[in-house]
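Got your viewer open? Load the model below, switch to cartoon view, and keep the selection box handy.

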Amino acid sequence: MTRGTEREQTPEEIARGLDAFLSEHPRAVVLEDGRVVFEMREAKYRLAAEHGRCTLHLWSEDRNLVRRVSAVATRNGVLRLSTHRFGQTKPQTLELVADRDRRTPSARETTRVRYLRVLERVLQREFADWKVDGLRTAMDLEKSFGPAYARGSLVKGQQAWAVIAVNEEESPAVVDGILTLGILWLDHCRAKGDGRRVFQGLKVVVPRGMAALTASRMAWLNTRAAQWELWELDQASEGLTQREPADHGNLTTRLVHAPNEAAVRERFADATARVMALVPEAMRGVVELRVRSGAEVAFLLHGLEFARVRSGYAGASFNREDEITFGAGANETPLTGENEGELGELVARLFERRHSGGDKRDPLYRMQPERWLENVLRRDVEPLDARLNAAHVYTQVPAFAAGDRGMLDLLGVTDDGRLAVIELKADDDLHLALQGLDYWVRVRWHHRQTAENAGFGLGEFQRLGYFGGVRLSEADPRLYLVAPSLRVHPATEVVLRYISPQVEWVLVALDERWREKVKAVWRKRSVGTTA
């Protein structure tokens, strides 16, 4: 029973509240005793509202948790769950937090002001011949500058450096975004200059031990456009150490072996038929069957995974059996004879609500727009470039290390054998250019391994089952950055001006009605990129 006069929540109400929160916040984190135990962009969950109780099962690659949930309450973007371990009556609290940074605005401001003082002392000591000028964290939304980044300059006569820094208490995502904001800051400093100062480059300062991604990106900036320096700051000792930009593409990726799709589909034919029997007959043609591995097939509606079939061992025996689960996003419910009708109704509601003409306010319509866009382009990639080979379009090859990415990427090939890295974004994101560069760097690194080890014969990608029958070109991949035309952030083109000319890129803006039909409305290319 909830406190005061509040009535007791039914298991079904609790389950709906949980499901609605996680649908609305797919990147939420789960806290127990103030500590992050699950990140929902990587974890899975199951909800069971039966036998008079609501049971929540959460799991990831390294953790497993099962709790009975007796009540939920939302406050300030946090869903608080009153939970019970099995066999125990004393309640405990789990928190689902939409924003991992739970500091109060005043606490964040205090941290940032204190960091400014540290940064100014360090810069003045390390660059004694230069004057530290205009350090600040003030927000400027028009120019995309937020208060998490300290910005200023170092000045000596007519010479100047733009400086940007971030403190160690900011989130990893904020730290990783510093180079995009740094480029924008350098460009802003140059644009507002009165001719008395020449900004020769950018100094980026990140917390100690958090420079790897920025170093990888900085290695591919244009050294003719500006000078680039990367520094790590130990806030405790106030020690500043310079890091050299380097290609770290091999450190955080792995190539995933392409499964034998025909064999997997044949193996799961009976289970597939059982799943498709629950899909409205008129809609079966829009379901995408995605072979995840030799032991798993996923079923997707416009990029949203709603069911999957996995092969595993039955109990303690060595006999294999197929498990079918249903659920949108991270939610999973095993299919049984008892709940087949209920799950059939769930699937029918999903198909009624998630379609190109659906209600844009509906959470099921809005969920995972990048995956919807990916699904559309996997079916028809030619609007991006007529030379792209529609028979060879792959997702997440190579795969990023867990937690390293939130974006989706496609890897394809043009008709002349040139690899094509395709970065997608359905909403505006000022980090589009450098996130696309991340994936390009890694694909290029694996492609270079092919050159060194196989002389562009049957190389690393093709040994693992990709691009069968295609002779891959020795040239570096081409980078395609794709977003709806009104969602291309103005920062994207600024950042692209500072990318190394070695990186051939194409920025493709799609018609806003891409859910109905994919159509490119304009393209912009790097200098030297062939049309």
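The stops below go from a set of strands to a helix and then to two loops.

Before you click, note that this is a predicted model, where local features need pLDDT of at least 70 and side-chain atom pairs count only at pLDDT 80 or more, while totals for chains, interfaces and linings use all residues. Residues are numbered from 1 along each chain as its sequence is written, and side-chain values use heavy atoms, with hydrogens and water left out.

**Stop 1: the strands**

Select residues 53–59, which is strand E4. Names like this come from DSSP runs numbered from the N terminus: helices are H or I runs of at least four residues, and strands are E runs of at least two. Is E4 enclosed or open? Of its 7 residues, 5 are buried, so the rest of the structure largely encloses the strand. Buried here means under 20% relative accessible area, exposed means over 50%, and partly exposed is in between (1.4 Å probe, protein chains only).

Now add residues 44–50, strand E3, which pairs with E4 in the antiparallel sense over 7 bridges. Two strands count as paired if DSSP finds at least two bridges between them. Show Tyr45 as sticks and look across to E4, where Leu58 stands opposite. The E3–E4 hairpin has 2 residues between the strands, and His51 there takes a positive phi near 55°.

Next, add strand E5 (residues 64–75), which pairs with E4 in the antiparallel sense over 6 bridges. To see the two strands facing each other, pick Trp59 and find Asn64 of E5 opposite.

**Stop 2: helix H8**

Jump to residues 340–353, helix H8. Put a distance between its end C-alpha atoms: they are 20 Å apart, which agrees with the 20 Å expected for 14 residues at 1.5 Å a residue (the expected span is 1.5 Å times one less than the number of residues). Colour Leu343, Gly344, Val347, Leu350 and Phe351, the buried residues of H8. They cover an arc of only 120° around the axis, which puts them on the same side of H8; the arc is taken from the directions from the helix axis to the C-beta atoms. Then rotate to the face turned away from the buried side, where Glu342, Glu345 and Glu352 are exposed.

**Stop 3: two loops**

Most residues other than glycine have a negative phi. Select Ser144, in the loop between strands E8 (131–136) and E9 (149–156): its phi is positive, about 75°. Ser144 is partly exposed, at 22% relative accessible area.

Last, go to Phe467, in the loop between helix H12 (460–463) and strand E24 (478–484). Phe467 also has a positive phi, near 55°, and counts as buried at 0% relative accessibility.
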